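Please look over the sequence and the model shown here. A short report goes with them.

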Amino acid sequence: MTKAKPGVTIRTLADLARLAGVHAGTVSRALAGSTVVNDETRLRIEALAAQHNFQPNQMARRLRTQRTGVIGIAVPLGHERRQHVSDPFFLTLFGHLADALTERGYDIMLSRIIPDAEDWLSRVVRSGMVDGVLLIGQSDQFDVIEAVAQDYQPLVVWGSHVPGQRHCAIGVDNFGGGRLVGEHLIARGSTRIAFMGEIRTLEITERHRGLCAAAQAAGIAPPIQLDTHMASDVMGEEIAANLDRVSGKIDAIACASDVIARQTIRTLTERGLSVPGDIRVTGFDDLPFTEQMIPSITTVRQDLAIGSTAMIDALFARIKGEDTPSLEMTPRLIVRDSA
């Protein structure tokens, strides 16, 4: 390796440009990896920068490019203020998004947001701290997201899409997923089905509607809806109370999420009931733990890896000024031991 020349101090792009015998703009583009600079020149400039331990002034670069190099990832929890980012669904999707963003050279600003006013999202996108925003979930904030999407383009949401919706949403067909669960349970002989979940968000509402549609098509009674929060500190007690309400009245439980399904199976087992022998149980999401459970959980797969890639592709297209449509992925029923 060539040693740095004694007495030569490189503090700015201009210093490095003089040493390399090129314009400062060429140095800036070379260090940014621009294909405008030929490989030979770029490699020579990179080598000189390394020899002199030169680190570009990132703040100055961001001022010139009007880019922060940061993507905001926000989890709005208007529907469930006690839920945490440590929820397995959030962590799984966030992991996919974070891996892909860092591979593109971006930093991440993660926010767990309890909406305290209708301008919470406006404050995020207008902060000047991010180049774009990814929302994990629509919560009960659909109208707020729609309003911001009217004039802020680099915004992509994990969630459902409805006719006429303006904001770009990537997610699974939740109605179709709920219907798949209902059809499967009915085909297995279940006629007295309960839905374990709180119907306050668009995604959960659509799953419940799909389940109800399957029951109606089969000519059986509508599913019993059992309010169950997503927050782990109250979920166990609520599930136990719900099971007391419907004891002896149901033969299947369609849960709004895998996390609820896991706790439901645990509570049933503690009461000496067999899953699926006494009661069939299904989840929704296909998180990694569902296959490892005993019994393993029958669930609806949302392909979070594909979905996260689609979210990021759509976001960067929007950062460039392109208008990308929503994407509704086809759900897939994963049949395992619990149903």
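The report below moves from the whole protein to one helix and then to single residues.

## Basis

This is a predicted model, in which local features need pLDDT of at least 70, side-chain atom pairs count only at pLDDT 80 or more, and totals for chains, interfaces and linings use all residues. Residues are numbered from 1 along each chain as its sequence is written, and side-chain values use heavy atoms, with hydrogens and water left out.

## The whole protein

The protein holds twelve helices and twelve strands. Helices (H or I, at least four residues) and strands (E, at least two) are DSSP runs, numbered from the N terminus. The radius of gyration is 26 Å, well over the 20 Å that the globule rule gives for 339 residues, so the protein is more spread out than a compact globule. That radius is taken over C-alpha atoms, and the rule is 2.2 Å times the number of residues to the power 0.38. Along the principal axes, the C-alpha atoms fill a box of roughly 85 × 45 × 30 Å.

Of the 339 residues, 52% are buried. Buried means under 20% relative accessible area, exposed over 50%, and partly exposed in between (1.4 Å probe, protein chains only). The protein exposes about 16,200 Å², and carbon and sulfur atoms supply 50% of that area. Accessible areas come from the Shrake-Rupley method with a 1.4 Å probe; for residues, only the protein chains shown count as cover.

Contacts (heavy atoms within 4.5 Å) often link distant parts of the sequence: among those between residues at least 6 apart, 71% join residues at least 24 apart.

Charges come next. There are 35 positive and 40 negative side chains, and the centres of the two sets lie 7 Å apart. Lys and Arg count as positive and Asp and Glu as negative; His and the chain ends are not counted. Each charge is placed at NZ of Lys, CZ of Arg, CG of Asp or CD of Glu.

## Helix H12

H12 covers residues 304-319. Its 16 residues reach 22 Å from first C-alpha to last, close to the 22 Å expected at 1.5 Å a residue. The expected span is 1.5 Å times one less than the number of residues.

Twelve of the 16 residues of H12 are buried, so this helix is largely enclosed by the rest of the structure. Among the buried ones are Leu304, Met311, Leu315, Phe316 and Arg318. The buried residues of H12 pack against five strands and a helix, which are E1 (70-76), E3 (132-136), E4 (155-158), E5 (168-172), E11 (327-329) and helix H5 (88-103).

## The loop between E1 and H5

Gly78 and Arg82 both sit in this loop. Gly78 is buried, at 12% relative accessible area. Arg82 is partly exposed, at 37%.

Leaving aside neighbours within four places in sequence, Arg82 contacts Arg112, His229, Ala231, Asp233 and Val234. With residues up to four places away not counted, Gly78 touches Pro115, Ser139, Asp140, Gln141 and Arg200.

## Backbone exceptions

Most residues other than glycine have a negative phi, and most peptide bonds are trans. The table lists some exceptions.

| Site | Backbone feature | Loop |
|---|---|---|
| Val275 to Pro276 | cis, omega near 15 degrees | Pro276: between H11 (258-270) and E9 (280-282) |
| Ile294 to Pro295 | cis, omega about 0 degrees | Pro295: between E9 and E10 (299-301) |
| Asp285 | positive phi, near 135 degrees | between E9 and E10 |
| Asp286 | positive phi, near 60 degrees | between E9 and E10 |

Both aspartates are buried: Asp285 has a relative accessible area of 5%, and Asp286 has 15%. A glycine also has a positive phi: Gly33, just after H2, takes about 80 degrees.

## Arg207 and Asp285

Which residues does Arg207 contact, leaving aside its neighbours within four places in sequence? They are Asn174, Gly178, Phe195, Ala256, Phe284, Asp285 and Gln302. Arg207 lies in helix H9 (residues 202-218). At 5% relative accessibility, Arg207 counts as buried. Asp285 thus appears twice in this report, as a positive-phi residue and as a contact of Arg207.
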